[in-house]
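Let's take a friendly walk through this structure. We will go from its strands to its core, and then to its charged and polar pairs.

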Amino acid sequence: KPAPKSGMKLGSGGGAGGGRADDFLRQMEAAGELVEDAGGHRSASSSAASSAAAATDAREAVHVAIEEKVSCTLDQDQALVRLEVKGDLKLMIADPSTAHLALKLAPAPNEGFQFRCHPNMNKQKFSSERVLILKDPSRSFPAGPDKEPLGVLKWRRLYASTDEDDVPLRVSCWPSPASDVTAVTLEYELGNEDLVLHNVAIAVPITVGHRPVVESGEAETSYDARTQSLVWAPELIDRDSASGSMEFKLPCNVEPSSLFPITVSFLSSTAITDIRVESLVNLETKSAIEYSTETVLCADNYEVAFE
C-alpha cells in the first residue's frame, strides 16, 4: 500500500558515467535479479516482486518493496521446532532523474534481527543512522522502467525453540481414531495480532483412500484429489477472527501420523519486522523525493509435522 508521500517530484538528477560506473551499475543490477531456491521454485520475494509488477499504476517514480518470508515448523503437540524470518528491501527506480538518492528508515528496535547491506552500500551509514546510501555518494542507482528490483538490504532472525509466543499463526490437529471412524478437529490461533492474514490455506494430507466428510466449516473447505489433501481456507484471519476451528470425519481408523505434515500458507501486507521508510532525499538538490511502498509477508515452508 502507498506510503505517506513527501516533498516534490523531481525533474532532474545525476548519473554516473565511465567504465568504472558501468561496472558498478552492472553489479547492482546483478544483485537485483530474481533468483530460484534450491528446489527450482521462485522465492517468496521473487513472487512478491512479480505481483508488485502488476500494480505499477499506484507507484511513484521510486517504489520501495519490503518482502518478508516466515518459515515455521511446529510438532503435533504444538512445540516449536523451528521459526525463521527473512526479509529484503528492494528499490525500483523508474525515472533516472530520481536515482541519486538516500533512503532513511524510521527508528525501530527489531531485537534479535541481523541486518546486512548490499556490498555497494555504505554499511557504516546504515549502522549509525539507518540511512541506505551508496558507498560513493556521487553515483546514482541503476534506474529505468525495465530494470529489475534492486536488493539493498536483507535481514534475518532465527528464533529459539522457547520463543513460542512469536509464532505468527498456530495450527493444531486433534485426531480421535475409533474402530470404524476417525474424527478430526483442526484449529488455528493468531499469535501476532498486528497481522492481517489473507489467502490462507491449511492443507491436511488424506491418503487413506476415502474422501473426508466435513462436519463444520464446509463453506471454507475443499478436497484436492490431485494432492490428496483437505484444504481449509479461512477467508481472513485478524484480531477480530483470531481463532477458529473445523471438523471432519474419515470412515475408517486412521493412524494419526498419516494426517501430517499439515502445510500452511498465507499472505499479509504487514511485515513481522518493523521496517518503515522515513524519507527519501535527492542528494543533489537536497529535496525530498515522492515514493510509494509495498509490503508483502508470506509463509514459506510453514508446517505442522509429526515428530
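Helices and strands here are DSSP runs, numbered from the N terminus, with at least four residues for a helix and at least two for a strand. With that naming in hand, I275 can be placed in the loop between β14 (262-268) and β15. Please keep in mind that this is a predicted model.

**Around I275**

Is I275 buried or exposed? I275 has a relative accessible area of 7%, so it counts as buried. Leaving out residues up to four places away in sequence, I275 touches I66, L89, L105, N110, F115, R130 and W155. P109 offers a way to gauge the fold here: its C-alpha atom and that of I275 are separated by 9.9 Å, while the two residues are 166 residues apart along the chain.

**A three-stranded sheet**

The strand β15 that follows the loop of I275 belongs to an open sheet of three strands, ordered β5-β3-β15 and paired in the antiparallel sense. Which strands form its edges? They are β5 (131-132) and β15 (277-282), each of which pairs on one side only. Strand β3 covers residues 101-105 and is joined to β5 over two bridges, again antiparallel. One residue pair can be named: K104 has V131 of β5 as its bridge partner.

**The nonpolar core**

In soluble globular proteins, nonpolar side chains tend to be buried together. In this model, the largest nonpolar core has 67 residues. Which of its members touch the most other members? They are L89, F248 and F266. L89 is also one of the residues that I275 touches.

F248 deserves a look of its own. F248 sits in strand β13, and its relative accessibility is 0%, so F248 counts as buried. Setting aside residues up to four places away in sequence, its contacts are T182, A183, V184, L186, V204, I206, P212, V213, V214, E215 and L230. For L230, the C-alpha to C-alpha separation from F248 is 9.4 Å, with their positions 18 residues apart along the chain.

**Salt bridges**

How many salt bridges does a search of the whole structure find? The search finds nine. Three of the pairs are set out below.

| Pair | N to O separation | Separation in sequence |
|---|---|---|
| K154 and D88 | 2.6 Å | 66 residues |
| E193 and R239 | 3.4 Å | 46 residues |
| D194 and R239 | 3.7 Å | 45 residues |

Take K154 and D88, which form a salt bridge with their closest N and O atoms 2.6 Å apart. This pair links distant parts of the chain, as K154 lies in strand β6 (residues 150-158) and D88 in strand β2 (residues 80-93). The two partners can be compared with the cut-offs, where buried means under 20% relative accessible area and exposed means over 50%. D88, at 10%, is therefore buried, and K154, at 38%, is partly exposed.

R239 appears in both of the other rows. R239 forms a salt bridge with E193 at 3.4 Å. E193 lies in the loop between β8 (182-190) and β9 (198-205) and R239 in the loop between β12 (229-232) and β13 (243-250), so the pair ties together parts that are 46 residues apart in sequence. R239 also forms a salt bridge with D194, at 3.7 Å between the closest N and O atoms. Because D194 lies in the loop between β8 and β9, and R239 in the loop between β12 and β13, this pair ties together parts 45 residues apart in sequence. As for accessibility, D194 is exposed with 58%, E193 is partly exposed with 39%, and R239 is partly exposed with 47%.

Elsewhere, R82, E84 and R156 are linked in a network of salt bridges.

**A buried polar contact and the cysteines**

Which side chain does the side chain of S292 meet in a polar contact? The partner is the side chain of H63, at 2.7 Å. S292 is found in strand β16 (residues 291-305), and with a relative accessible area of 1% S292 is buried.

Finally, the structure holds zero disulfides. C117 is buried at 8% relative accessibility, and C298 is buried at 11%.

Note on methods:
Residues are numbered from 1 along each chain as its sequence is written. This is a predicted model: local features need pLDDT of at least 70, side-chain atom pairs count only at pLDDT 80 or more; totals for chains, interfaces and linings use all residues. Side-chain values use heavy atoms; hydrogens and water are left out. A nonpolar core is a set of buried Ala, Val, Leu, Ile, Met, Phe, Trp, Tyr and Cys residues joined through side-chain atoms within 4.5 Å. Buried means under 20% relative accessible area, exposed over 50%, partly exposed in between (1.4 Å probe, protein chains only). Contact means heavy atoms within 4.5 Å. Two strands pair if DSSP finds at least two bridges between them. A salt bridge is a side-chain nitrogen of Lys or Arg within 4 Å of a carboxyl oxygen of Asp or Glu. A polar contact is a pair of N or O atoms within 3.5 Å; within protein, one must be able to donate a hydrogen and the other to accept it, and residues adjacent in sequence count only if both atoms are side-chain atoms. A disulfide is a pair of cysteine sulfur atoms within 2.5 Å.
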